[in-house]
Amino acid sequence: MATGAWQLFGLEYAALGALAVVLVRLALDYWRASRLMAALRADAVPALASSSGGLWGELVQRIARLLREREGRARLSEARLQEFLVALENSPNGVVLLDEKARIEWCNQTAATHFGIDAERDHLQYIGNLVREPAFAAYLASWNYSRDVVLSGAASASSALRLSVQVHPYEGNRRLLLSRDVTAVEQAEAMRRDFVANVSHEIRTPLTVLAGFVETLQNLPLDEDDRRRYLGLMAQQAHRMQTLVNDLLTLSRLEGSPPPGSAEWTPLAVLLSQCEQEGRSLSALLASTRPHEMLFNASPAAELAGSPSELLSAMSNLLSNAIRYTPAGGRIEAGWRILPDGRGEFTVRDTGPGIAAEHLSRLTERFYRVDRSRSRETGGTGLGLAIVKHVMQRHGAELKVSSTPGAGSTFSLLFPASRVRQVAVSAPAAVPMADKRVSVS
Ligand SMILES: Nc1ncnc2c1ncn2[C@@H]1O[C@H](COP(=O)(O)OP(=O)(O)OP(=O)(O)O)[C@@H](O)[C@H]1O
Ligand SMILES: [Mg+2]
C-alpha cells in the first residue's frame, strides 16, 4: 500500500516537473518573442542576432538578413532616384511633374526659371495659377497634347524669352510638362522671313525697272540716243542685281567656311595701298568735279594675320562707304595704329553727313540703310557693313563706329594683339603706294 502511494506521488511529481519545464519553456519563448518584437519595433534586430542561439537565434538571423537585404535595395533605389533627379535637374529643358489636379509635385531649376516658379514655395500649387497665359490655360484644359504651345517666359527671366511647352500625360491623369527655350529659334525664323522679304524687295526693284525698259524698247520706235540711254540704265540695274547676288554669296561663303587661321601674315602697307587705289578710283568716279581730299597712313609698319581677301574687303568696304556718303570735296582719312596693349586699329574717318545715334547699333544688320533713297542713289544694298562685321568676327576682331550728325563718322576695325605683328622696317609692298600723302592721326 505504502509502495503504491509512493508510486502515485512519484507520477504526480514527474507530471508536475514536466509541466514546470513546459511552463519555463513557454515563458522563455514568450520572453524571446517579446525581445524580438521589441527589437523589430526599435529597428535593432541585427544587434539581437549576435546574442541569440538555437531556433530563435536562426529566426532572428534570417529576419536580420532579410532586413539588411531590403535596406540595401532601398539604398540602391534611393541612389538611383537621386541620380535621375540630378540628371533632370541639369537638363537644359524645363521638367514639371503635375498630379491629377495639375498641381506641381516636382520641377527642375530650368522650369523654375522658365516659369518663375519656386520649387519649394509652389509645391502642390495649381500650375494654372502660376502660368497665366490664356493660351497655356486652354492648352492644359484641352487634353490634346499632340502639339506644343509657344508662350512667353516668366517676366523675371530674360526679357524676350519664348518657350515651347508640351505636356505628356502618364499614369492616367498625371502629366509631365516639358519646356524648351526657343527664343533663338524664333529669332532665327523672324530673321529668315525678313531676309527673304528684303532680298525679294531688293531684286524686284531693279527687275521692275528692267522689265519696263524692255517693254519700252519692244513697243516704241526710239531714236539712237534714247535707245543708248535706255540700254545704259538697263545695264545699271543689271549691275545692281549682280552686286546684290555677289554680296549675298560673299555672306553665305563667310558663314559656311571655317574661320581663317593665323598662319598667313599680310603687310598692312599692301592692304592699305590696294584700298587707296580702289578708293581714289571710286572718288574720281563719284566726285569728278571736286574730288575728295584723301589721306592715307600705313605706319607703323605692321602685318596682320588672317585671310588677306577678307581683310581687304572689310577695309575697302569702310573706305567706299566714306567716299560714297561724303559729299564731293569732303575729307577722308584712312589710318592705322598699334595700341599700347598690342591691338591694332584701322580707322576710316570722314567729314560726311554723320549718322544719328539711334542707327548706330543697327548698321551691321543686313539691308539696313540709314537713308534708303540716298544709299540707293549710290548703288548700296545695305550688305557692306554686314560683311565687315562677319569678317571681323571671323578674325576675333571688332567693328566700332562713332559719329556726330553733320560732322562726320569714324569707323574702326580693332584687331586682337595675337593677329598684329609690328615689323622693324616697312615691309616691301606688293602694290606700290604711289601719290601717298601721309597724315598723323
Ligand atoms: N561713312 C558713312 N557715313 C554716313 N553713313 C554711312 C557711312 N557708312 C555707312 N553709312 C550708312 O550705313 C548704311 C549701311 O552701310 P552698308 O555699307 O552696310 O550698306 P550700303 O553702303 O547701303 O550698301 P552696300 O555697302 O551693300 O553697297 C548705309 O546705307 C548708310 O546709310
Ligand atoms: Mg556700303
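Colleague: In strand S2, which residue is the bridge partner of Val96?
Modeller: This is a predicted model, where local features need pLDDT of at least 70 and side-chain atom pairs count only at pLDDT 80 or more, while totals for chains, interfaces and linings use all residues. Residues are numbered from 1 along each chain as its sequence is written, and chains are lettered from A and ligands numbered from 1 in the order in which they are written. Strands are DSSP runs of E, at least two residues, numbered from the N terminus. S1 (residues 94-98) runs antiparallel to S2 (residues 104-107), with three bridges joining them, and Val96's partner in S2 is Cys107.

Colleague: Which residue in the hairpin of S1 and S2 takes a positive phi?
Modeller: Two strands pair if DSSP finds at least two bridges between them. Five residues sit between these strands, and the one with a phi near 60° is Ala102.

Colleague: How far apart are the end C-alpha atoms of helix H7?
Modeller: Helices are DSSP runs of H or I, at least four residues. The expected span is 1.5 Å times one less than the number of residues. For the 37 residues of H7 (residues 183-219) that gives 54 Å, which agrees with the end-to-end distance in the model, 53 Å.

Colleague: And how many residues of H7 are buried?
Modeller: Buried means 20 or more other C-beta atoms within 10 Å of a residue's own, exposed means 12 or fewer, and partly exposed is in between, with C-beta atoms placed from the backbone. H7 is hardly covered, and its count of buried residues is two.
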